[in-house]
Amino acid sequence: MKIGIVGTGYVGLVSGACLAEMGLEVVCIDVDKQKIEKLKKGVNPIYEPGLDDLLQKVITAGRLSFTDSLGEVIDQVEIIFSAVGTPPGEDGSADLRYVLEVAREIGQKMNSYKLVVTKSTVPVGTAMKVRAALQEELDKRGVDIPFDVASNPEFLKEGDAVKDFLNPDRVVIGVDSERARELLTWLYRPLQLNNFRVIFMDILSAEMTKYAANAMLATRISFMNDIANLCEMVGADVNMVRKGIGSDTRIGNKFLYPGAGYGGSCFPKDVKALIRTADETGYEMRVLKAVEAVNADQKRLLFNKLSAYYGGNLQGKKIAMWGLAFKPETDDVREATSLVLAELLTSAGATLSVYDPVAAERFAEYTTVDASLINYAADKYEALEDADALLMVTEWKEFRIPSWKVIKKLMKRPVVFDGRNIYDRTELEYNGLEYSCIGG
């Protein structure tokens with residue numbers, strides 16, 4: 001059986017490559033013809049460790065193919081994953097236009113039973129809208145063709161997505177028919193052979209599970225950032241506090257690292273969407289609104305520290321930034337702290353010298369800052385030449401053990417603002433640098 005995946009973005013492409021790696025025959029569909037032609041040649045449009053090699057392997061093996069026409073392959077597939085984008089609207093709600101367009105196109109072109117599986121992150125109740133849109137198109141055609149809709153939300157971490165797909169903590173599947181359950185049990189059988197958990201539930205619960213999981217992780221981050229800021233005010237060390245509470249088995253030590261705020265394509269969007277979903281029902285998500293507010297403030301924290309250090313006057317200062325992506329091992333800059341900092345710093349009269357191993361090009365596309373105010377350095381040390389401060393924004397591995405002697409020599413003012421708490425104050429001060437971190 002051939003599997004169809006509509007959408008070749010982050011979720012669709014990783015899912016397609018990994019399903020093909022499991023031995024399935026997969027075809028990925030996307031309306032972007034230029035992108036499809038590149039993918040046919042093995043050109044990967046996203047940065048994700050391990051994905052380049054995996055794509056080459058499964059394409060060469062003939063298990064993964066690409067097309068820009070759903071109609072061309074719809075009779076060849078029984079299971080169709082919908083992995084198109086759900087960008088946030090101005091009110092924070094998820095934009096479902098692409099999800100529903102896929103449903104309508106399937107309804108217009110299907111000639112036999114299909115299982116339509118939403119893989120994109122979608123609000124609770126989306127499957128019902130997908131079902132209605134698909135059925136409406138069948139009714140227009142005057143045909144009675146059976147189909148099922150299911151929910152199979154992704155839990156892929158950018159930078160570790162291939163591993164997450166092939167070695168998941170769990171696979172969540174929402175179904176409302178035995179036929180859909182049997183098909184998806186067959187599909188994920190290779191994972192079950194390795195004793196990974198495949199959790200079946202109703203569709204509404206599966207849709208909610210994705211949002212609830214991301215909202216919980218975002219909550220832990222904002223909570224720890226709040227604690228870090230209080231630690232700094234009272235003189236406590238947040239790293240010691242983190243170790244103390246993380247050793248409690250009821251809490252655990254994951255997502256308790258304070259920093260300069262979370263970003264990316266998932267947490268900010270999903271928190272907003274869940275708040276919006278609650279608002280539509282007349283319920284207020286007070287905790288999540290606080291999570292969002294803390295995160296917005298946290299993205300400004302390094303700027304506030306730097307501004308205070310220079311007495312509120314950053315005019316003419318040259319500020320270096322290490323890291324532009326929202327997290328290491330990705331080129332994704334959506335909702336990244338670097339974008340907020342760049343806007344604040346240049347508005348205050350500073351110029352920027354920035355370096356990121358892979359995300360500079362994406363950052364240039366997303367930032368609204370005048371290009372003349374930003375120097376894109378070729379390496380981390382070039383970014384520091386004559387800089388009045390260094391902001392450590394994204395904790396890439398190559399930033400972890402730099403030469404402090406070189407840094408001190410290059411910078412006009414050797415002061416480091418560590419937004420991810422990866423450095424040791426004693427070491428920097430021993431080497432003649434000033435140091436400021438989050439919560440300590």
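**Strands E9 to E11 and a helix pair**

In strand E11, isoleucine 374 is the bridge partner of leucine 352, and I would like to begin from that pair, keeping in mind throughout that this is a predicted model. The two strands concerned, E10 and E11, the latter covering residues 374–376, pair in the parallel sense over three bridges. Between them the chain passes from E10 through helix H16, residues 360–366, to E11, and this β-α-β crossover is right-handed.

Let me turn now to the other pairing of E10. Strand E9, which spans residues 318–322, is joined to E10 by five bridges, and E9 and E10 run parallel; within this pairing, tryptophan 322 stands opposite tyrosine 355 of E10. Here the chain goes from E9 through H15 to E10, again as a β-α-β crossover that is right-handed. As for E10 itself, residues 351–355, the strand is mostly covered, with four of its five residues buried.

That brings me to helix H15, residues 337–347, and its contact with helix H14, residues 301–309: the axes of H14 and H15 come within 9 Å and cross at roughly 30 degrees. Since angles under 35 degrees count as roughly parallel, H14 and H15 are therefore roughly parallel to each other.

Which residues of H14 and H15 meet? On the H14 side they are Leu302, Phe303 and Leu306, and on the H15 side Leu341, Leu344 and Leu345. Sorted by class, the contact of H14 with H15 has six nonpolar residues, with no polar and no charged residues.

Definitions and conventions:
Residues are numbered from 1 along each chain as its sequence is written. This is a predicted model: local features need pLDDT of at least 70, side-chain atom pairs count only at pLDDT 80 or more; totals for chains, interfaces and linings use all residues. Side-chain values use heavy atoms; hydrogens and water are left out. Axes are lines fitted to C-alpha atoms, for helices over the stretch in contact, and angles run from 0 to 180 degrees between N-to-C directions. Angles under 35 degrees count as roughly parallel, over 145 as roughly antiparallel, 65 to 115 as roughly perpendicular and the rest as oblique. Contact means heavy atoms within 4.5 Å. Ala, Val, Leu, Ile, Met, Phe, Trp, Tyr, Cys and Pro count as nonpolar, Asp, Glu, Lys and Arg as charged, and the others, Gly among them, as polar. Buried means under 20% relative accessible area, exposed over 50%, partly exposed in between (1.4 Å probe, protein chains only). Two strands pair if DSSP finds at least two bridges between them. A crossover is right-handed if, with the strands pointing away from the viewer, the path from the first strand over the helix to the second runs clockwise.
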